[in-house]
Amino acid sequence: MAHSVWTDGDGPDPAVLGLQQRELTPDQIKRFEGYVAEMFTAFGMDVDTPGTRDTPRRFVKGLFDVTNGYDGDPKLVRVFPTECRGDPDCRLSQVVEGPISFFAMCEHHVMPFHGQAYVGYIAHEHIIGISKLTRLVRLFARRFTLQERIGRQVADALQALLAPHGVAVYLEAEHLCMQMRGVNEQSSLTRTTHWRGNYDSNASLREEFFAACGLKRG
Ligand SMILES: [Zn+2]
Ligand SMILES: [Zn+2]
């Protein structure tokens with residue numbers, strides 16, 4: 001069954017992936033570099049040494065690069081047909097991938113958070129290459145975002161792309177905005193879960209998912 005979210009032959013609908021047209025003119029980039037130089041100078045950096053002269057340029061370029069999840073991923077292409085015979089096995093057999101490491105920018109503080117994602121789904125009539133799950137996580141992580149949003153977007157995208165019997169997404173991450181500022185310096189993990197379909201209604205599937213991830217949580 002073809003899914004409407006797939007445009008003919010050339011990958012998923014940009015709306016499902018939340019893609020944006022990012023086009024910066026050379027004039028804009030020059031201006032941004034000026035803002036950054038002004039700010040860094042006010043914050044104490046000497047931006048006129050051999051080591052720092054290019055720092056505003058590198059900063060603007062670097063921030064643009066680490067948020068390139070808005071641009072899409074040309075290798076995130078196809079889903080494949082599989083067989084759903086409608087037997088109980090079809091509704092319970094999980095594909096689980098992880099740990100998938102990711103780096104993201106907290107949209108509240110524009111500081112990184114990073115960690116591992118685990119993604120599971122129960123196929124119906126479509127499957128996706130295992131490596132694409134990694135690509136999907138990184139597509140949503142490399143933005144200005146929130147941990148909860150990455151999990152929700154991965155779950156919703158898989159739901160839209162594969163129409164599976166269920167999707168499970170578990171993320172654990174360290175947030176530098178918490179660790180580098182303030183008093184609480186010990187490393188702590190923020191954990192988020194997202195369940196769709198059969199995972200939502202079946203606690204033993206969730207337990208199995210965590211066991212398959214090598215995580216003893218339920
Ligand atoms: Zn933050
Ligand atoms: Zn099925």
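1. The lining of the largest pocket is made up of Arg 22, Leu 24, Phe 32, Tyr 35, Val 36, Phe 59, Val 60, Leu 63, Phe 64, Thr 67, Tyr 70 and Phe 144. The model is a predicted one, and the volume of this pocket comes to about 250 Å³.

2. By residue class, the lining of the largest pocket holds 10 nonpolar residues, one polar and one charged. Tyr is counted as nonpolar here, which bears on how Tyr 35 and Tyr 70 of the lining are read.

3. Two helices, α2 (26–42) and α3 (55–66), each contribute at least two residues to the lining of the largest pocket. The largest share is that of α3, with four residues.

4. The zinc ion (ligand 1) has as its protein donors Cys 106 through SG, His 109 through ND1 and Cys 177 through SG, at 2.1 to 2.2 Å. Water is not among the atoms, so the site may look incomplete.

5. Along the sequence, the donor residues of the zinc ion (ligand 1) follow the spacing C-x2-H-x67-C. Cys 106 belongs to strand β2 (residues 95–106) and Cys 177 to helix α7 (residues 176–179), so this pair ties together parts that are 71 residues apart in sequence.

6. Are the two cysteine donors, Cys 106 and Cys 177, buried or exposed? Cys 106 has a relative accessible area of 6% and is buried. Cys 177 is buried, with a relative accessible area of 6%. The cut-off for buried is under 20% relative accessible area.

Key: Residues numbered from 1 in each chain as written. Chains lettered and ligands numbered in written order. Predicted model: local features only at pLDDT ≥ 70, side-chain atom pairs only at ≥ 80, totals over all residues. Heavy atoms only, no water. 1 Å grid on protein atoms, 1.4 Å probe; cavity = no way out; pocket = protein on both sides within 12 Å on 5 of 7 lines; lining within 4 Å. Points joined across faces, edges and corners; volume = space filled by probe spheres on them. Donors = N, O, S within 2.8 Å, 3.2 Å for Na, K, Ca; no water. Buried < 20%, exposed > 50% of the residue type's maximum accessible area, 1.4 Å probe, protein only.
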